[in-house]
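Here are my notes on the model you sent, set out as numbered points. Please read them with the structure open beside you.

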Amino acid sequence: MEEIKKSLEEIKNNLFLQKAVFNFDEACKYCNLSKSKMYKHTSNKNIPYYKPQGKLIFFKKEELDHWLLQNRQSSKEELERVATKYSLKNKTF
């Protein structure tokens, strides 16, 4: 019985990730943010969202992904590669 519950929960999570549009609670879960933190982001207009009837808030998964992946930090290896290319190009050692 426990295995069936576990399987159903996995199926439920997989279906959740297939959605294109999330409601507020789903977006909080998807982004792993508390409701208060998400409200701060929406009220400060830091994150894109939709209010079709002026009350309920919805989010496009694609836009959440873009928002979550902004401000990428390069790895040490990438930075070293760029520095090496720059040094070779400008012949500065």
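1. I began with Thr42, which counts as buried because its relative accessibility is 3%, below the 20% at which a residue ceases to be called buried. Please bear in mind throughout that this is a predicted model.

2. Thr42 belongs to helix α3, and its side chain comes to 2.9 Å from the backbone oxygen of Tyr39. Leaving aside residues up to four places away in sequence, Thr42 touches Ile47, Tyr49, Ile57 and Phe59.

3. Thr42 is accompanied by Met38 and His41 as buried residues of α3, the helix that spans residues 35-43. Viewed down the axis of α3, the buried residues fall within an arc of 95 degrees, and they therefore line one face of the helix. Lys40 and Ser43, by contrast, are exposed on the other side of α3.

4. As to what covers the buried residues of α3, the elements include α2 (24-31), β2 (58-60) and α4 (61-68). Just after α3, you will find that Lys45 takes a positive phi of about 60 degrees.

5. Helix α2 also meets α1 (residues 2-18), and the axes of these two helices come within 11 Å and cross at roughly 105 degrees, so that α1 and α2 are roughly perpendicular to each other. On the α1 side the contact is made by Asn13, Phe16 and Leu17, and on the α2 side by Glu26, Lys29 and Tyr30. Sorted by class, the contact of α1 with α2 comprises three nonpolar residues, one polar residue and two charged residues.

Methods
Residues are numbered from 1 along each chain as its sequence is written. This is a predicted model: local features need pLDDT of at least 70, side-chain atom pairs count only at pLDDT 80 or more; totals for chains, interfaces and linings use all residues. Side-chain values use heavy atoms; hydrogens and water are left out. Buried means under 20% relative accessible area, exposed over 50%, partly exposed in between (1.4 Å probe, protein chains only). Helices (H or I, at least four residues) and strands (E, at least two) are DSSP runs, numbered from the N terminus. The arc is that of the directions from the helix axis to the C-beta atoms. Contact means heavy atoms within 4.5 Å. Axes are lines fitted to C-alpha atoms, for helices over the stretch in contact, and angles run from 0 to 180 degrees between N-to-C directions. Angles under 35 degrees count as roughly parallel, over 145 as roughly antiparallel, 65 to 115 as roughly perpendicular and the rest as oblique. Ala, Val, Leu, Ile, Met, Phe, Trp, Tyr, Cys and Pro count as nonpolar, Asp, Glu, Lys and Arg as charged, and the others, Gly among them, as polar. A polar contact is a pair of N or O atoms within 3.5 Å; within protein, one must be able to donate a hydrogen and the other to accept it, and residues adjacent in sequence count only if both atoms are side-chain atoms.
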